[in-house]
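Dear colleague,

I am handing over the structure below, followed by notes on what was found in it.

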Amino acid sequence: MSVPPRAVQLNEANAFLKEHPEVLYVDLLIADMNGVVRGKRIERTSLHKVYEKGINLPASLFALDINGSTVESTGLGLDIGDADRICYPIPDTLSNEPWQKRPTAQLLMTMHEIEGAPFFADPREVLRQVVSKFDDLGLTICAAFELEFYLIDQENVNGRPQPPRSPISGKRPQSTQVYLIDDLDEYADCLQDILEGAKEQGIPADAIVKESAPAQFEVNLHHVPDPLKACDYAVLLKRLIKNIAYDHEMDTTFMAKPYPGQAGNGLHVHISVLDKDGNNIFTSEDPEQNAALRHAVGGVLETLPASMAFLCPNVNSYRRFGAQFYVPNAPSWGLDNRTVALRVPTGTPDAVRLEHRVAGADANPYLMMAAVLAGVHHGLTNKIDPGKPIEGNSYEQLEQSLPNNLRDALRELDDSEILNKYIDPKYIDIFVACKESELEEFEHSISDLEYNWYLHTV
(Lines give C-alpha, C1' and ligand atoms only; values in the text may rest on other atoms or scores of the structure.)
Protein backbone atom coordinates (compact mmCIF):
# COMPACT_ATOMS: atom_id res chain seq x y z
CA MET A 1 0.00 0.00 0.00
CA SER A 2 1.53 3.31 -1.04
CA VAL A 3 1.16 6.34 1.16
CA PRO A 4 -1.42 8.74 -0.40
CA PRO A 5 0.16 11.70 -2.20
CA ARG A 6 1.05 14.48 0.20
CA ALA A 7 -0.70 17.09 -2.00
CA VAL A 8 -4.00 15.20 -1.72
CA GLN A 9 -3.63 14.92 2.04
CA LEU A 10 -2.67 18.58 2.44
CA ASN A 11 -5.78 19.58 0.50
CA GLU A 12 -7.83 17.60 3.01
CA ALA A 13 -6.13 19.39 5.93
CA ASN A 14 -6.48 22.83 4.33
CA ALA A 15 -10.17 22.35 3.59
CA PHE A 16 -10.94 21.13 7.11
CA LEU A 17 -9.06 23.93 8.89
CA LYS A 18 -10.69 26.52 6.64
CA GLU A 19 -14.15 25.11 7.37
CA HIS A 20 -13.44 24.85 11.12
CA PRO A 21 -11.45 27.91 12.21
CA GLU A 22 -12.62 27.26 15.80
CA VAL A 23 -10.62 24.01 16.12
CA LEU A 24 -7.73 24.40 18.56
CA TYR A 25 -6.34 20.86 18.79
CA VAL A 26 -6.24 17.61 16.83
CA ASP A 27 -6.10 14.16 18.41
CA LEU A 28 -3.99 11.75 16.36
CA LEU A 29 -5.41 8.28 16.96
CA ILE A 30 -4.24 4.73 16.34
CA ALA A 31 -5.88 1.51 17.56
CA ASP A 32 -3.65 -1.02 19.32
CA MET A 33 -3.96 -4.82 19.39
CA ASN A 34 -6.87 -4.65 21.83
CA GLY A 35 -8.67 -1.96 19.82
CA VAL A 36 -7.74 0.60 22.48
CA VAL A 37 -7.23 4.02 20.86
CA ARG A 38 -3.88 5.64 21.64
CA GLY A 39 -1.95 8.56 20.15
CA LYS A 40 -1.00 12.21 20.55
CA ARG A 41 -2.72 15.60 20.78
CA ILE A 42 -1.31 18.44 18.70
CA GLU A 43 -2.17 22.10 18.12
CA ARG A 44 -3.94 22.92 14.86
CA THR A 45 -0.84 24.70 13.55
CA SER A 46 1.00 21.37 13.53
CA LEU A 47 -1.56 19.54 11.40
CA HIS A 48 0.14 20.32 8.09
CA LYS A 49 3.38 18.88 9.38
CA VAL A 50 1.57 15.66 10.32
CA TYR A 51 0.22 15.35 6.78
CA GLU A 52 3.63 16.13 5.28
CA LYS A 53 5.90 14.05 7.51
CA GLY A 54 3.75 11.89 9.76
CA ILE A 55 4.46 11.38 13.47
CA ASN A 56 6.73 8.99 15.27
CA LEU A 57 5.37 6.39 17.69
CA PRO A 58 7.17 3.31 19.05
CA ALA A 59 6.56 -0.06 17.40
CA SER A 60 5.88 -1.39 20.89
CA LEU A 61 2.47 0.32 20.69
CA PHE A 62 1.38 -2.93 19.04
CA ALA A 63 2.85 -5.08 21.79
CA LEU A 64 0.79 -3.65 24.65
CA ASP A 65 -1.38 -5.75 26.93
CA ILE A 66 -4.84 -4.65 28.03
CA ASN A 67 -3.28 -2.51 30.78
CA GLY A 68 -0.97 -0.67 28.36
CA SER A 69 2.24 -2.42 29.42
CA THR A 70 4.73 -3.65 26.81
CA VAL A 71 4.93 -7.44 26.56
CA GLU A 72 8.64 -7.92 26.00
CA SER A 73 8.32 -11.49 24.71
CA THR A 74 6.89 -10.01 21.49
CA GLY A 75 10.30 -8.67 20.53
CA LEU A 76 8.90 -5.20 19.81
CA GLY A 77 10.11 -3.55 23.02
CA LEU A 78 13.60 -3.48 24.48
CA ASP A 79 14.89 -6.04 21.96
CA ILE A 80 14.71 -3.37 19.25
CA GLY A 81 15.53 -0.48 21.57
CA ASP A 82 11.85 0.50 21.74
CA ALA A 83 12.43 2.04 18.33
CA ASP A 84 10.02 4.37 16.58
CA ARG A 85 8.09 3.81 13.40
CA ILE A 86 6.26 6.52 11.47
CA CYS A 87 2.49 7.00 11.39
CA TYR A 88 0.63 8.64 8.52
CA PRO A 89 -2.97 9.91 8.36
CA ILE A 90 -5.73 7.70 7.01
CA PRO A 91 -7.58 9.73 4.35
CA ASP A 92 -11.12 10.90 5.09
CA THR A 93 -10.90 10.36 8.86
CA LEU A 94 -10.37 14.00 9.91
CA SER A 95 -13.45 15.15 11.84
CA ASN A 96 -14.62 17.09 14.89
CA GLU A 97 -14.96 15.60 18.38
CA PRO A 98 -18.43 16.88 19.33
CA TRP A 99 -18.03 16.14 23.05
CA GLN A 100 -15.04 18.40 23.65
CA LYS A 101 -15.42 21.69 25.55
CA ARG A 102 -12.41 23.10 23.72
CA PRO A 103 -12.94 22.61 19.98
CA THR A 104 -10.89 19.56 19.03
CA ALA A 105 -10.66 17.39 15.91
CA GLN A 106 -9.46 13.83 15.46
CA LEU A 107 -7.52 11.97 12.80
CA LEU A 108 -6.91 8.23 12.45
CA MET A 109 -3.35 7.11 11.75
CA THR A 110 -1.69 3.93 10.54
CA MET A 111 1.91 2.84 11.18
CA HIS A 112 4.65 2.40 8.55
CA GLU A 113 8.31 1.48 8.49
CA ILE A 114 10.62 4.50 8.34
CA GLU A 115 11.21 3.90 4.62
CA GLY A 116 7.44 3.88 3.98
CA ALA A 117 6.28 0.24 3.84
CA PRO A 118 3.28 -0.59 6.04
CA PHE A 119 4.22 -1.91 9.47
CA PHE A 120 3.30 -5.59 9.68
CA ALA A 121 2.09 -5.47 13.32
CA ASP A 122 -0.52 -2.73 12.82
CA PRO A 123 -3.88 -4.59 12.98
CA ARG A 124 -5.13 -2.42 10.12
CA GLU A 125 -2.27 -3.72 7.98
CA VAL A 126 -3.06 -7.30 9.07
CA LEU A 127 -6.54 -6.78 7.62
CA ARG A 128 -5.26 -5.02 4.50
CA GLN A 129 -3.13 -8.03 3.63
CA VAL A 130 -6.19 -10.27 3.71
CA VAL A 131 -8.30 -7.81 1.71
CA SER A 132 -5.60 -7.67 -1.00
CA LYS A 133 -6.29 -11.33 -1.77
CA PHE A 134 -9.82 -10.38 -2.79
CA ASP A 135 -8.41 -7.56 -4.92
CA ASP A 136 -6.42 -10.20 -6.80
CA LEU A 137 -9.70 -11.99 -7.60
CA GLY A 138 -11.43 -8.80 -8.73
CA LEU A 139 -13.79 -8.97 -5.75
CA THR A 140 -14.82 -6.26 -3.28
CA ILE A 141 -15.96 -6.88 0.28
CA CYS A 142 -19.03 -4.97 1.48
CA ALA A 143 -19.32 -4.96 5.28
CA ALA A 144 -21.29 -3.49 8.17
CA PHE A 145 -21.02 -3.92 11.94
CA GLU A 146 -23.62 -4.14 14.67
CA LEU A 147 -22.11 -3.07 17.99
CA GLU A 148 -23.65 -3.81 21.40
CA PHE A 149 -22.83 -1.91 24.57
CA TYR A 150 -24.11 -1.18 28.06
CA LEU A 151 -24.68 2.22 29.56
CA ILE A 152 -23.45 1.96 33.15
CA ASP A 153 -23.27 4.22 36.17
CA GLN A 154 -20.04 6.14 36.72
CA GLU A 155 -20.12 4.81 40.30
CA ASN A 156 -19.28 1.12 40.70
CA VAL A 157 -20.53 -1.00 43.60
CA ASN A 158 -17.63 -2.91 45.16
CA GLY A 159 -15.79 -2.66 41.86
CA ARG A 160 -18.73 -4.01 39.87
CA PRO A 161 -20.86 -2.12 37.32
CA GLN A 162 -24.47 -1.14 37.83
CA PRO A 163 -27.07 0.28 35.43
CA PRO A 164 -27.31 4.10 35.41
CA ARG A 165 -30.30 5.91 36.82
CA SER A 166 -32.75 6.98 34.15
CA PRO A 167 -32.52 10.74 33.51
CA ILE A 168 -36.34 10.69 33.33
CA SER A 169 -37.54 8.42 36.13
CA GLY A 170 -34.44 8.38 38.33
CA LYS A 171 -34.76 4.59 38.56
CA ARG A 172 -32.23 1.96 37.54
CA PRO A 173 -33.54 -0.41 34.85
CA GLN A 174 -33.89 -4.02 35.96
CA SER A 175 -35.82 -5.81 33.20
CA THR A 176 -34.69 -7.48 29.97
CA GLN A 177 -37.13 -5.72 27.67
CA VAL A 178 -35.67 -6.38 24.23
CA TYR A 179 -36.64 -3.79 21.57
CA LEU A 180 -38.64 -1.80 24.15
CA ILE A 181 -39.15 1.74 22.85
CA ASP A 182 -39.79 3.09 26.37
CA ASP A 183 -36.23 2.17 27.34
CA LEU A 184 -34.95 4.18 24.38
CA ASP A 185 -37.01 7.10 25.69
CA GLU A 186 -35.43 6.81 29.15
CA TYR A 187 -31.98 7.54 27.69
CA ALA A 188 -33.14 9.43 24.59
CA ASP A 189 -30.89 12.47 24.97
CA CYS A 190 -27.72 10.41 25.25
CA LEU A 191 -28.67 8.01 22.45
CA GLN A 192 -29.72 10.81 20.12
CA ASP A 193 -26.45 12.64 20.78
CA ILE A 194 -24.62 9.44 19.81
CA LEU A 195 -26.43 9.30 16.47
CA GLU A 196 -25.94 13.03 15.84
CA GLY A 197 -22.28 12.80 16.83
CA ALA A 198 -21.81 9.89 14.45
CA LYS A 199 -23.34 11.92 11.64
CA GLU A 200 -21.02 14.84 12.40
CA GLN A 201 -18.02 12.51 12.27
CA GLY A 202 -19.12 10.82 9.05
CA ILE A 203 -19.77 7.50 10.81
CA PRO A 204 -22.73 5.83 9.04
CA ALA A 205 -24.77 4.88 12.12
CA ASP A 206 -28.46 4.79 11.29
CA ALA A 207 -30.25 3.14 14.22
CA ILE A 208 -30.06 2.29 17.91
CA VAL A 209 -32.14 -0.56 19.31
CA LYS A 210 -32.74 -1.70 22.86
CA GLU A 211 -31.10 -5.05 23.54
CA SER A 212 -32.02 -7.81 25.97
CA ALA A 213 -30.56 -6.51 29.25
CA PRO A 214 -30.91 -3.42 31.47
CA ALA A 215 -29.49 -0.34 29.68
CA GLN A 216 -28.02 -2.46 26.88
CA PHE A 217 -28.23 -1.09 23.35
CA GLU A 218 -27.03 -1.84 19.84
CA VAL A 219 -25.89 0.59 17.16
CA ASN A 220 -26.24 -0.47 13.52
CA LEU A 221 -23.82 0.80 10.90
CA HIS A 222 -24.53 1.04 7.17
CA HIS A 223 -22.67 -1.36 4.90
CA VAL A 224 -19.73 0.12 3.00
CA PRO A 225 -17.76 -1.41 0.10
CA ASP A 226 -14.48 -1.19 2.02
CA PRO A 227 -13.80 -3.48 5.01
CA LEU A 228 -10.95 -1.28 6.23
CA LYS A 229 -13.27 1.71 6.35
CA ALA A 230 -15.96 -0.38 8.06
CA CYS A 231 -13.47 -1.18 10.83
CA ASP A 232 -12.36 2.46 11.06
CA TYR A 233 -15.98 3.38 11.67
CA ALA A 234 -16.36 0.73 14.37
CA VAL A 235 -13.24 1.92 16.23
CA LEU A 236 -14.34 5.55 16.08
CA LEU A 237 -17.92 4.68 17.06
CA LYS A 238 -16.78 3.04 20.30
CA ARG A 239 -14.79 6.15 21.19
CA LEU A 240 -17.73 8.39 20.34
CA ILE A 241 -20.17 6.36 22.47
CA LYS A 242 -17.86 6.42 25.49
CA ASN A 243 -17.35 10.16 25.35
CA ILE A 244 -20.97 11.11 24.64
CA ALA A 245 -22.14 8.93 27.53
CA TYR A 246 -19.63 10.60 29.82
CA ASP A 247 -21.04 13.98 28.80
CA HIS A 248 -24.39 12.68 30.06
CA GLU A 249 -22.84 11.68 33.41
CA MET A 250 -22.88 8.01 32.48
CA ASP A 251 -20.23 5.53 31.46
CA THR A 252 -20.23 2.67 28.97
CA THR A 253 -18.74 -0.77 28.68
CA PHE A 254 -18.01 -2.98 25.69
CA MET A 255 -16.82 -5.74 28.02
CA ALA A 256 -18.04 -9.06 26.63
CA LYS A 257 -19.85 -10.10 29.84
CA PRO A 258 -20.18 -7.32 32.42
CA TYR A 259 -23.10 -8.86 34.37
CA PRO A 260 -23.59 -12.48 35.47
CA GLY A 261 -26.93 -13.78 34.28
CA GLN A 262 -27.41 -11.07 31.63
CA ALA A 263 -26.65 -10.99 27.93
CA GLY A 264 -23.12 -10.14 26.86
CA ASN A 265 -22.02 -7.56 24.31
CA GLY A 266 -21.60 -8.85 20.77
CA LEU A 267 -20.01 -7.49 17.62
CA HIS A 268 -21.82 -8.91 14.60
CA VAL A 269 -20.62 -8.27 11.08
CA HIS A 270 -22.61 -8.51 7.84
CA ILE A 271 -20.59 -9.38 4.74
CA SER A 272 -21.40 -9.59 1.05
CA VAL A 273 -18.99 -9.92 -1.86
CA LEU A 274 -19.23 -7.80 -5.01
CA ASP A 275 -17.86 -8.73 -8.43
CA LYS A 276 -16.06 -6.27 -10.73
CA ASP A 277 -19.43 -4.95 -11.94
CA GLY A 278 -20.65 -4.28 -8.40
CA ASN A 279 -23.03 -7.24 -8.29
CA ASN A 280 -23.44 -9.23 -5.08
CA ILE A 281 -22.21 -12.76 -5.85
CA PHE A 282 -24.43 -14.12 -3.06
CA THR A 283 -27.61 -12.84 -4.76
CA SER A 284 -30.10 -15.70 -5.13
CA GLU A 285 -33.74 -16.67 -4.90
CA ASP A 286 -32.64 -19.86 -3.13
CA PRO A 287 -29.50 -19.07 -1.07
CA GLU A 288 -28.94 -22.72 -0.21
CA GLN A 289 -28.22 -23.39 -3.90
CA ASN A 290 -25.82 -20.46 -4.40
CA ALA A 291 -22.38 -22.03 -4.82
CA ALA A 292 -20.37 -18.90 -3.90
CA LEU A 293 -22.41 -18.40 -0.75
CA ARG A 294 -22.07 -22.03 0.27
CA HIS A 295 -18.31 -22.01 -0.30
CA ALA A 296 -17.85 -18.77 1.67
CA VAL A 297 -19.88 -20.23 4.53
CA GLY A 298 -17.86 -23.45 4.38
CA GLY A 299 -14.56 -21.60 4.61
CA VAL A 300 -15.65 -19.46 7.56
CA LEU A 301 -16.97 -22.50 9.44
CA GLU A 302 -13.76 -24.45 8.80
CA THR A 303 -11.58 -21.63 10.13
CA LEU A 304 -13.90 -20.68 13.01
CA PRO A 305 -12.12 -22.65 15.78
CA ALA A 306 -8.76 -21.10 14.83
CA SER A 307 -10.35 -17.64 14.58
CA MET A 308 -11.75 -17.66 18.11
CA ALA A 309 -8.77 -15.90 19.69
CA PHE A 310 -9.35 -12.93 17.39
CA LEU A 311 -13.13 -13.02 17.83
CA CYS A 312 -13.00 -13.51 21.60
CA PRO A 313 -9.58 -12.19 22.67
CA ASN A 314 -9.98 -11.90 26.45
CA VAL A 315 -10.56 -14.17 29.44
CA ASN A 316 -13.95 -12.54 29.99
CA SER A 317 -14.95 -13.10 26.35
CA TYR A 318 -15.84 -16.74 26.95
CA ARG A 319 -18.30 -15.98 29.75
CA ARG A 320 -20.64 -14.54 27.11
CA PHE A 321 -21.52 -17.90 25.57
CA GLY A 322 -24.80 -19.65 26.30
CA ALA A 323 -27.90 -20.77 24.42
CA GLN A 324 -30.21 -18.43 26.33
CA PHE A 325 -28.16 -15.45 25.07
CA TYR A 326 -28.07 -16.43 21.37
CA VAL A 327 -24.29 -16.84 21.32
CA PRO A 328 -23.36 -19.86 19.16
CA ASN A 329 -20.78 -22.30 20.52
CA ALA A 330 -20.38 -24.60 17.49
CA PRO A 331 -19.62 -24.03 13.78
CA SER A 332 -23.07 -23.83 12.23
CA TRP A 333 -25.07 -21.97 9.62
CA GLY A 334 -28.69 -21.44 8.71
CA LEU A 335 -31.17 -19.30 6.81
CA ASP A 336 -32.76 -16.57 8.94
CA ASN A 337 -31.72 -18.47 12.06
CA ARG A 338 -30.31 -16.56 15.04
CA THR A 339 -29.17 -19.67 16.90
CA VAL A 340 -26.29 -20.35 14.47
CA ALA A 341 -22.79 -18.95 14.08
CA LEU A 342 -23.39 -17.81 10.48
CA ARG A 343 -26.86 -16.52 9.75
CA VAL A 344 -27.88 -15.90 6.15
CA PRO A 345 -30.58 -13.18 6.02
CA THR A 346 -32.84 -13.78 3.03
CA GLY A 347 -35.17 -10.77 2.86
CA THR A 348 -34.65 -10.09 -0.86
CA PRO A 349 -32.42 -11.91 -3.38
CA ASP A 350 -29.94 -9.04 -3.77
CA ALA A 351 -29.64 -8.56 0.02
CA VAL A 352 -28.43 -12.11 0.72
CA ARG A 353 -25.30 -11.93 2.87
CA LEU A 354 -23.45 -13.53 5.76
CA GLU A 355 -24.05 -12.39 9.32
CA HIS A 356 -21.21 -13.55 11.57
CA ARG A 357 -22.58 -13.76 15.13
CA VAL A 358 -19.72 -15.10 17.26
CA ALA A 359 -17.45 -12.16 18.18
CA GLY A 360 -17.74 -10.09 21.32
CA ALA A 361 -17.72 -6.29 21.43
CA ASP A 362 -14.28 -6.55 23.08
CA ALA A 363 -12.75 -7.78 19.80
CA ASN A 364 -10.45 -5.60 17.73
CA PRO A 365 -12.57 -4.97 14.59
CA TYR A 366 -9.57 -5.16 12.24
CA LEU A 367 -8.41 -8.53 13.56
CA MET A 368 -11.93 -9.89 13.73
CA MET A 369 -12.56 -8.86 10.11
CA ALA A 370 -9.22 -10.30 9.01
CA ALA A 371 -10.10 -13.69 10.50
CA VAL A 372 -13.60 -13.75 8.99
CA LEU A 373 -12.42 -12.68 5.53
CA ALA A 374 -9.61 -15.23 5.61
CA GLY A 375 -12.32 -17.85 6.04
CA VAL A 376 -14.42 -16.39 3.20
CA HIS A 377 -11.45 -16.36 0.82
CA HIS A 378 -10.39 -19.86 1.85
CA GLY A 379 -13.89 -21.14 1.18
CA LEU A 380 -14.28 -19.41 -2.20
CA THR A 381 -10.90 -20.50 -3.56
CA ASN A 382 -11.05 -24.07 -2.25
CA LYS A 383 -14.81 -24.61 -2.77
CA ILE A 384 -15.41 -25.72 0.81
CA ASP A 385 -18.79 -27.35 1.35
CA PRO A 386 -20.58 -26.24 4.54
CA GLY A 387 -23.03 -29.12 4.76
CA LYS A 388 -26.75 -28.63 5.26
CA PRO A 389 -28.01 -25.51 7.03
CA ILE A 390 -29.43 -25.92 10.52
CA GLU A 391 -33.17 -25.59 10.87
CA GLY A 392 -34.62 -24.79 14.28
CA ASN A 393 -32.67 -24.52 17.53
CA SER A 394 -29.01 -25.30 16.85
CA TYR A 395 -28.24 -25.59 20.56
CA GLU A 396 -30.44 -28.67 20.77
CA GLN A 397 -28.81 -30.26 17.72
CA LEU A 398 -25.09 -29.50 18.13
CA GLU A 399 -22.75 -29.97 21.05
CA GLN A 400 -20.38 -27.18 22.05
CA SER A 401 -17.19 -27.64 20.01
CA LEU A 402 -15.62 -24.19 19.64
CA PRO A 403 -12.86 -23.30 22.12
CA ASN A 404 -14.53 -22.17 25.34
CA ASN A 405 -11.50 -20.54 26.95
CA LEU A 406 -8.69 -18.26 25.85
CA ARG A 407 -5.86 -20.76 26.29
CA ASP A 408 -7.45 -23.32 23.96
CA ALA A 409 -8.30 -20.57 21.47
CA LEU A 410 -4.68 -19.40 21.38
CA ARG A 411 -3.50 -22.97 20.75
CA GLU A 412 -5.95 -23.32 17.85
CA LEU A 413 -4.72 -20.04 16.33
CA ASP A 414 -1.06 -20.91 16.78
CA ASP A 415 -1.52 -24.32 15.13
CA SER A 416 -3.71 -23.20 12.22
CA GLU A 417 -2.05 -23.83 8.86
CA ILE A 418 -4.86 -21.98 7.09
CA LEU A 419 -4.78 -18.73 9.08
CA ASN A 420 -0.98 -18.71 8.95
CA LYS A 421 -1.33 -18.41 5.16
CA TYR A 422 -3.47 -15.29 5.49
CA ILE A 423 -2.04 -13.59 8.57
CA ASP A 424 1.71 -13.07 8.95
CA PRO A 425 2.96 -15.81 11.33
CA LYS A 426 5.16 -13.13 12.93
CA TYR A 427 2.02 -11.25 13.85
CA ILE A 428 0.30 -14.35 15.19
CA ASP A 429 3.37 -14.89 17.42
CA ILE A 430 3.06 -11.33 18.76
CA PHE A 431 -0.66 -11.65 19.38
CA VAL A 432 -0.29 -15.00 21.15
CA ALA A 433 2.59 -13.69 23.28
CA CYS A 434 0.53 -10.71 24.45
CA LYS A 435 -2.54 -12.77 25.25
CA GLU A 436 -0.56 -15.51 26.99
CA SER A 437 1.03 -12.82 29.16
CA GLU A 438 -2.42 -11.52 30.16
CA LEU A 439 -3.64 -15.07 30.75
CA GLU A 440 -0.68 -15.87 33.00
CA GLU A 441 -1.36 -12.79 35.13
CA PHE A 442 -5.04 -13.67 35.36
CA GLU A 443 -4.35 -17.24 36.40
CA HIS A 444 -2.00 -16.08 39.16
CA SER A 445 -4.58 -13.71 40.64
CA ILE A 446 -6.89 -14.79 43.46
CA SER A 447 -10.58 -14.00 43.03
CA ASP A 448 -13.08 -12.93 45.69
CA LEU A 449 -14.91 -16.19 45.08
CA GLU A 450 -11.83 -18.19 46.03
CA TYR A 451 -11.60 -16.32 49.33
CA ASN A 452 -15.32 -16.83 49.95
CA TRP A 453 -15.09 -20.54 49.24
CA TYR A 454 -11.77 -21.54 50.74
CA LEU A 455 -10.41 -19.03 53.26
CA HIS A 456 -12.26 -20.47 56.26
CA THR A 457 -13.53 -23.79 54.93
CA VAL A 458 -10.48 -25.86 54.05
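Ala374 has its place in helix H8, where helices are DSSP runs (H or I) of at least four residues, numbered from the N terminus. Please bear in mind that this is a predicted model, in which local features need pLDDT of at least 70 and side-chain atom pairs count only at pLDDT 80 or more, while totals for chains, interfaces and linings use all residues. Residues are numbered from 1 along each chain as its sequence is written, and side-chain values use heavy atoms, with hydrogens and water left out.

Ala374 counts as buried because its relative accessibility is 0%, buried meaning under 20% relative accessible area with a 1.4 Å probe and protein chains only. Leaving aside neighbours within four places in sequence, Ala374 is in contact (heavy atoms within 4.5 Å) with Val130, Leu419 and Tyr422. Its C-alpha atom is separated by 8.5 Å from that of Val131, although the two are 243 residues apart along the chain.

Helix H8 (365-382) is also among the elements that cover the buried residues of H11, together with helix H3 (123-136), H7, H9 and helix H10 (419-422). Those buried residues of H11 are Tyr427, Ile428, Ile430, Phe431, Val432, Ala433, Cys434, Lys435, Glu438 and Leu439.

As for H7 (residues 291-311) and H9 (residues 406-415), these helices pack at an angle of about 120 degrees with their axes 7 Å apart, the axes being lines fitted to C-alpha atoms over the stretch in contact and the angles running from 0 to 180 degrees between N-to-C directions. The contact is made by Pro305, Ala306, Met308, Ala309 and Phe310 of H7 and by Ala409, Leu410, Glu412 and Leu413 of H9.

With best wishes

Key:
Helices (H or I, at least four residues) and strands (E, at least two) are DSSP runs, numbered from the N terminus. Buried means under 20% relative accessible area, exposed over 50%, partly exposed in between (1.4 Å probe, protein chains only).
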